[in-house]
Amino acid sequence: MATHKPDARALLDDRGYSGALIRGQNPALLIEKAVRDRITESYYWKEQCFGLNAATLCDRAASLAFIGGTYGGVGKPTPFLCLLFKMLQLVPERAIVLEYLNFRDRTEEDEVEEGEGENEGAPEEKENEEVVMRGFEGLGKPRGDFKYLRALAAFYIRLAWEPVEIYRTLEPLLSDWRKLKRRTREGFVLTTVDQFVDDLLTKDRVCATALWKIPARSLLEDLELLEPRVSPLGDELEELENEMEGVEEMRNVGSEEG
Amino acid sequence: KFWDDEDVPDEVDDTDGVEPEAERVAWKLRELQRVKRERDALVAAEKEREEVERRRNLTAEERE
Amino acid sequence: RQHLLKVGETGEVKVARVEEVRERLRWLARKRREEVGGEVVDLGERLERRRE
């Protein structure tokens with residue numbers, strides 16, 4: 001029977017770490033030492049993360065109420081960051097991470113949205129892959145019933161997966177406009193899933209964590225590893241741009257006159 | 001200074017679908033900005049390539 | 001609690017399979033629907049309408 005350790009002792013044992021590697025290194029090193037120490041010293045880590053596996057982690061993730069890194073004067077880690085660290089300890093298989101990202105309750109989907117529950121063709125395992133392949137999801141009908149779990153999985157993917165997979169898997173989330181609460185050092189601010197994912201793809205730091213540098217999208221396109229991204233705005237894009245230019249022009253004229 | 005969880009005012013509401021239309025429009029603007037940013041980066045990269053090319057030609061002519 | 005049972009006497013935690021993860025998420029989704037009373041009514045209503 002495959003097992004994990006209940007806590008981070010093995011993960012943090014520099015002399016004897018023998019678990020799964022991420023890009024050739026101990027996954028714990030993806031979190032900076034100072035933050036790592038605060039995580040393993042935190043009450044949430046000790047009390048709520050002890051002994052979790054990839055299934056029981058869902059219990060905690062389902063009750064997440066905000067994302068964020070560290071906060072307060074002492075730099076307390078958010079539960080979100082603690083669970084990320086737990087995922088780095090567990091290194092869940094690909095299918096599990098995709099399940100976190102795209103889980104959709106069948107009951108809701110079958111009974112309410114699709115109507116016809118019977119004629120369901122594709123086996124569920126394939127479904128996640130399809131979402132990734134299609135490039136983007138139907139607008140306004142985002143997958144990932146638990147939006148904070150979805151954000152957590154996205155964060156993990158950005159840290160642990162390979163560049164092409166990162167773009168392919170995370171870009172569909174750029175059309176998920178659901179709100180996320182983010183804890184900052186001083187308080188709370190509002191962001192969205194698409195904004196958070198955009199941060200993951202373009203920024204150097206997110207949630208008290210340095211993001212390793214991934215090759216630019218254009219480079220992967222030149223190497224023919226990625227197709228150019230098609231915005232889900234589609235035909236609307238041009239229209240919107242013209243509108244925007246109109247607004248800009250009006251603004252410019254206004255400022256000249258004033 | 002002593003920090004406590006409960007001391008921080010939390011007036012941020014993350015409920016979705018309160019104003020569906022406004023939420024959709026706000027997203028459209030963000031998406032538009034992303035597309036523009038991508039495009040601007042491509043244009044900038046192209047310009048740089050041209051500039052490098054131009055300089056290379058200049059030095060070649062100067063050498064003659 | 002469940003996680004303590006899982007840790008058991010060996011101090012090891014069983015690695016979860018994707019099926020267990022999905023099952024867990026379904027259970028949590030159901031639980032959440034039941035907790036948010038309004039949604040249950042809503043869903044019930046919709047189900048009723050579908051049957052008609």
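Two residues are taken to be in contact if their C-beta atoms, placed from the backbone, lie within 7 Å. In the predicted model described here, the contact between chain A and chain B takes 23 residues from chain A and 18 residues from chain B. On the side of chain A that touches chain B, the elements giving two or more residues are strands β5 and β6 and helices α10 (193-202) and α12 (236-257) of chain A. By residue type, this side of chain A divides into 11 nonpolar, 7 polar and 5 charged residues. Chain B itself contains 1 helix and 0 strands. Of the 64 residues of chain B, 3% count as buried.

Confidence was examined for the complex and for chain C. The predictor assigns the complex an ipTM of 0.77 and a pTM of 0.80. Chain C has an average pLDDT of 73, and 50% of its residues score at least 70. Within chain C, the lowest confidence falls in helix α1 (residues 2-7) of chain C, with a mean of 55. The highest is found in helix α2 (residues 18-35) of chain C, at 92.

Strands β5 and β6 of chain A, named above for their part in the contact with chain B, also belong to an open sheet. This sheet has 3 strands in the order β2-β5-β6 (chain A), and its pairing is mixed. Strands β2 and β6 of chain A form the edges, since each pairs on one side only. The parallel part of the sheet is the pairing of strand β2 (residues 67-68) of chain A with strand β5 (residues 179-183) of chain A, over 2 bridges. Here A:Gly68 stands opposite A:Arg183 in β5(A). The antiparallel part joins β5(A) to strand β6 (residues 188-192) of chain A over 5 bridges. In this pairing, A:Arg182 stands opposite A:Val189 in β6(A). β5(A) and β6(A) form a hairpin, with 4 residues between them.

The largest nonpolar core of the model has 63 residues. Among its members, A:Leu84, A:Leu152, A:Ala154 and A:Tyr156 touch the most other members. At least two residues of this core come from each of α3 (57-62), α4 (79-90), α5, α8 (147-160), α9 (163-170) and α10 of chain A, and from α2 of chain C. The largest share, 11 residues, is supplied by α8(A). Contacts of A:Leu84 illustrate how the core is joined: not counting residues up to four places away in sequence, A:Leu84 touches A:Leu152, A:Phe155 and A:Tyr156.

Helix α5 (residues 94-102) of chain A, one of the contributors to this core, is mostly covered, as 7 of its 9 residues are buried. The buried residues of α5(A) are A:Ile96, A:Val97, A:Leu98, A:Glu99, A:Tyr100, A:Leu101 and A:Asn102.

A contrasting environment is found at A:Gly73, in the loop between β3 (70-71) and β4 (76-77) of chain A. A residue counts as exposed if 12 or fewer other C-beta atoms lie within 10 Å of its own. A:Gly73 is therefore classed as exposed, because it has 9 C-beta neighbours inside 10 Å. The C-alpha atom of A:Gly73 is separated by 44 Å from that of A:Glu221, and the two residues are 148 residues apart along the chain.

Note on methods:
Residues numbered from 1 in each chain as written. Chains lettered and ligands numbered in written order. Predicted model: local features only at pLDDT ≥ 70, side-chain atom pairs only at ≥ 80, totals over all residues. pLDDT = per-residue confidence, 0-100. Pairing = 2+ DSSP bridges. Nonpolar A, V, L, I, M, F, W, Y, C, P; charged D, E, K, R; others polar. Buried ≥ 20, exposed ≤ 12 C-beta atoms within 10 Å, placed from the backbone. Core = buried A, V, L, I, M, F, W, Y, C linked by C-beta atoms within 7 Å.
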